[in-house]
Every structure is written in C-alpha cells, then in structure tokens.
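I opened the notebook to look up charged pairs first and nonpolar surface second. The entries follow in that order.

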Amino acid sequence: MQTGPRLAIDYGTACIRAVLTWPDRPWSALVVDGTAEPSSAVHIGKDGVITAGAAAWRLAEADPGGFVAAPLAEGIGTVKVRGRVVDVVDLVTAGLRPIVDEAVRIAGALPVDVRMSVPAGWDPARRTWLRQAAYQAGLGRPQLVEAPVAAVLSIEGGTGPDPGAGRFVLVCDIGATVEVSVVRSDPGGTEVLATIADPDVGGNAVDDRLVTMLLKTDSGAAEGAGAVLRAASPGTVVVLRTGKEAVSRQPAVTVPLPAPGAAVVLSTTLVERAAEPVLARVAELASEVLRAAALEPADLAAVYAVGAVAAMPAVPQVLEQRLGVPVRVATLPGAAVVLGVAEAEGAAAPESEPAPAVPKLTVLRTCGLLLPGLVSVALFGHFVFTTRGATASSWGELAIAGVLALVLCLAAGPWIGAALARDAGLRGRWDAAGQVSAGLLTGDAFGVTVAALYAVAAGLYLVVPFAEPLQWALLPVLPAALLAAAVAVLVRRRLSPPVFVEFPLVATLILSVGSLLFALTVRESFPAGAENWGAVVCRVGGALIGVGIALLLFRIRVLQGITAVVLGVFGFFIADPRAVGVFGVGLGLAVAVWWGQRLLALVRA
C-alpha cells in the first residue's frame, strides 16, 4: 500500500519519462526542458563537462563531435568521444540528475520509494550497472521493474493478469528500439517467459528511412543519410521525430530540412511507408518470441502495443495481420511503461534497507575490543614514563601503541555506526550501507587521531621536537588507515547488501598479548635473579607478535600455520631493544595488508 510519494522512471534510448504518484491525488509527469519526455542525449565538451537533454542538442549544432545521441545504446562500458574515454554510466547519470532535481522540487524531498524500468532481456550485470547510474545520480537504490511487466500493469489497471488464470500476454514495446516479450501470470506470480530485443528496429530505424525519403537518397544509404543528418543538424532530427509523432494525431505536418533544403510536408502516408519494413520486422519478432516460449497465437489472452511508435495506426494492423489476434494499443503508448512502473505495488522498494545486525558482544569480542585499547594505553605510558622513552631504539613502542589504537577504533566501527544511526540529529542521513561506512570511517578517524595525540603528548612530556614522535606514531598507521577508508567508501558505493568488516579477533588478542609482553620486558639488562625469566618473557612476546602477523597476512589455514611457525621463531630470536622499531613497523604493515586484502575482495566481488 502506497503511503508516500513515489517516483517512477523509464530511462529509454531516446528519451526519459518520469512520474510522481501520491496515494491521494493523480499522478504528475515530471517536466524537464519544457517537456515530459526530455531527451536522453548528452554532449561532452572539450573540457570534459557533460551536458544532458535539450542543451546537449543545442551544443551539438556547433560541436557535433562531442554529441552522444543515445548513451543507452553504447553498452555498459566506456565510449570514446573526441579522444577522451568516458564511462557510459556517467552519461546516464548526467541524464538522470535533472529528473532528480525536478522530483525534489515538486515533492519537497526525494521520495523514499523510487523505481525504474529495465528491459526484460538485461542480465544481472546490466541491471546492477543501471542501479549504479541511478545511485550516482542521487536516486539511492531503486527497485527495478521489467518493462513488459510494467506495460501489462499499466494497461490492465495496475492489477496485471489474474494470477489464477494462467494467462499469456504478448507485449510489443516499440520505442526508439524494440523489445517483444511474452508475460505469463499464474498463482506463483507474474514473470517474463521469453523476450527478444532488436536495437536496429524501432523509431530510430523509421527516422533513418524518413531521412532517406526526404533527402532523395538511395534506399541502401538510409543509415548513412541518417548519420549525416544527425551530425550536420541534430536539432533537425528532433523536429523530424516530433513531426513523425504528430502525424499519428493529424494528417500532415510541415517539417523544415537543413539548408539548402526546403520545408517538406510530412504525411501519415509517408511515415507509414517509411515504417513498413520496420513494422514487418516487429511482426517477425513477435512470431519468434512466441516460438521461443513454445506458444501459438491462439494461446495468447492479449496482445499489447506500447512505446511511442505504437501510436501509429499501422502498428496494430500489421500485428493483427501477422498473428491473427486483436491488438490493444495503450491509451498513452509512450508513457505506458513508466505508469506501470508506478503502479507495480508488488515491486515496491522497502522504505529503507535494514542494516546488518550489530555483532553481539560475546566474551571473545569484548576482549578483542578492550585488550588492544588497554595494551595501547599501557605501552604509551610505559614509553613516556621510563628512562628509555627518550632513546631512539624505543620509538617503536610508540608505533605499536598507535597501531593497536587504530585496531581498536576500527574494530569498534559497527557499534559506532549503530550509535550514529540512532542519534536523533543524524537519523535518516544514511541507509544501511551508509551506516556501516560511517561507523568505519569514524573509527578510522578516531584511530589516527589517537595516534597523533600520542605523538604530541610524547613530544611535550619528553621535551623533544614533534617531528620524530609524529613520524613514529603516524607513519606505521597511515597505510592501514587509508586502506580502511577505501573499504568504507566502497561499502557505501556498492549495491549489494552491506556487511560489517570485522578484524580477526584471535589475531587481535595474540598481537595485544605479544606486544605487552615484548614491550614491557625488552631491555639491555634485567634485575638480578630475573635475567632468565625476563629474557624468556620478552622472546615469547616477540614470537606471539610474529604469529599474530602471520594470521593477518594469510587466510588459508595451511599458509597461516607455516608462516606462523617461521615468523614466530624469527620473532623469538630477534626480540631485542634494537628491534622495537622493526616490530612496530612490521605490525603496522601487517594490519595494512589485512585491510588491503579486504579492499581487493570487495573490488572483485
């Protein structure tokens, strides 16, 4: 049940349609650039600035080299414009941003419930790509509704086929391109049985044939003539397309051609003649998709035609002649899909994606949080309050304290994010991914701040220049801090459900205990009677640090075991006051490697 404003968007090859719906008043089309169907074309300037919509067509008149008429037709990778490689997702994003601005202007704020149409033939990768473009445009994570399902919902009043009837419906979506689909509805729900798309058939193909006929070129040069006209005068293409759609409602219109051409009369007969081979191909696609679904025309409960070209009277005639069954054209064929997207109650997106449950504070997790913090404070106090604090060989103790402080703060990220989400002043600022990311970034900032404060306090207490303590406190933690920040940003931008990134607890405990034993007992000489025990404890601490580092470097158990033995033995034998700095830097690098592995895993996922 709709409770607030809802934004529905149909991003097409030629234009974008968007409507706002409310539970207590009629739907409202979003008007951008003075039209409810703003162009999806974009223009890339020499400085790299992307301009969308009508302004892109105007810029293309003087600078056709930067014009991209249909970003959706360029695939999901990159496009090369004027020697510059541009991500297609950025072009789509530029076209969607005016829609976002207009929706915010009308509704006062962007609706929580946002959904978009998607071609039924798109695979998961392309659907994720479309969500990414929507996310970059400020639409959050919209729910996707398949275009043929939306068309059925629109034509049949928002209810769709009777779920208990087991009906088959053929949907011919004829816009700038064509997608023909068979939709089945049964007690289990509505689904697309089969779909066939052809980007070379539809309104664009009709435009090219009209150009051929109006410019008196050879029939074999249709595509070339269309390309020449688009490059020479993109604005004329808009006029031509508008005239083509106008003859669906009146017998003839006058269309100006680029100089030195004169204005011509565009009639219904001329447009239908240009559309004959295109519509014949649409009828062939209809037969092909029925064969793919193992159906006959007699099995169909209905045939629906939607899309801007479906307004032509010849469309239902051609389809009925080929299929032998009645064809129903949507009342507003160009807006049928977007209206169906708005009416798809069953596809409504949740108001907010629930954040992952904060991990329970078990005894192990509590120790994993408290122990590195306590050890960090203990090492810092030991560093500044002992006579060794001012010697060069002991600065590594400050590095270990800073790294453990960062580990603690990053480990507390889930609880920090949950606290931010509950704060009355911040509530609603983040979705689930935002909460996870905000907690991780905040913890990261806390960790670096604590390390910097350690350095400043040490410099003040020991009366030394700040450069050396800052160098030892910050440099070992910066690689890990930067990688953790990158992980947080990627979690925020990803479209899959967010998960908490939890630092390994066992490694944390081992490193904390090892650091405490090593730092508090490493010294040149021990009191009488404690030489043997002091040396053993120091070397055990060094060995534990080596084992903890091994657990961070590898995820495979066998490699962890082998490396733990090697580094543990190595740490045991190099436990010496001169190696404190080595242990501090090594610990910082190990933590950085662990966060780097998490970042790589997120990038590859």
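Which side chain meets that of Arg 365 in a salt bridge? I looked it up in this model, which is predicted. The partner is Glu 502, at 2.6 Å from N to O.

Entry on the placement of this pair. I located Arg 365 in helix H11, residues 363-384. Glu 502 sits in the loop between helix H16 (478-493) and helix H17 (505-521). The two residues are 137 apart, and I noted the pair as a link between distant parts of the chain. I then checked the cover on Glu 502: its relative accessible area is 36%, so I entered Glu 502 as partly exposed.

Entry on the total. I found 14 salt bridges in the structure. As a general remark, side chains of opposite charge can pair when their charged atoms come close.

Entry on Glu 146 and Arg 127. Their side chains form a salt bridge with an N to O distance of 2.8 Å. Glu 146 belongs to strand E10 (residues 143-146) and Arg 127 to helix H3 (residues 124-136), so the pair ties together parts 19 residues apart in sequence. For Glu 146 I recorded a relative accessible area of 21%, which makes this residue partly exposed. The cut-off for buried is under 20%, so Glu 146 does not count as buried.

Entry on Asp 10 and Arg 17. This salt bridge has an N to O distance of 3.9 Å. The limit for a salt bridge is within 4 Å, so I kept the pair. Are its members buried or exposed? Asp 10 is buried, with a relative accessible area of 12%. Arg 17 is buried too, at 11%.

Entry on linked charges. I looked for salt bridges joined into a network and noted one made of Asp 198, Arg 281, Glu 284 and Glu 288.

Entry on nonpolar surface. I noted a nonpolar surface patch of about 520 Å², built from Val 536, Val 540, Val 565, Val 569, Phe 572 and Phe 573. Helix H18 (531-553) and helix H19 (557-573) are the elements that each give two or more residues to this patch. Which element supplies the largest share? I entered H19, with four residues.

Entry on one patch member. Val 536 lies in helix H18. I recorded a relative accessible area of 42% for Val 536, hence partly exposed. Patch residues need over 30%, so Val 536 meets that cut-off.

Definitions and conventions
Residues numbered from 1 in each chain as written. Predicted model: local features only at pLDDT ≥ 70, side-chain atom pairs only at ≥ 80, totals over all residues. Heavy atoms only, no water. Patch = residues over 30% accessible without salt bridge, like charges linked within 9 Å, V, L, I, M, F, W, Y side chains within 5 Å. Areas by Shrake-Rupley, 256 points an atom, 1.4 Å probe, with all protein chains shown as cover. Buried < 20%, exposed > 50% of the residue type's maximum accessible area, 1.4 Å probe, protein only.
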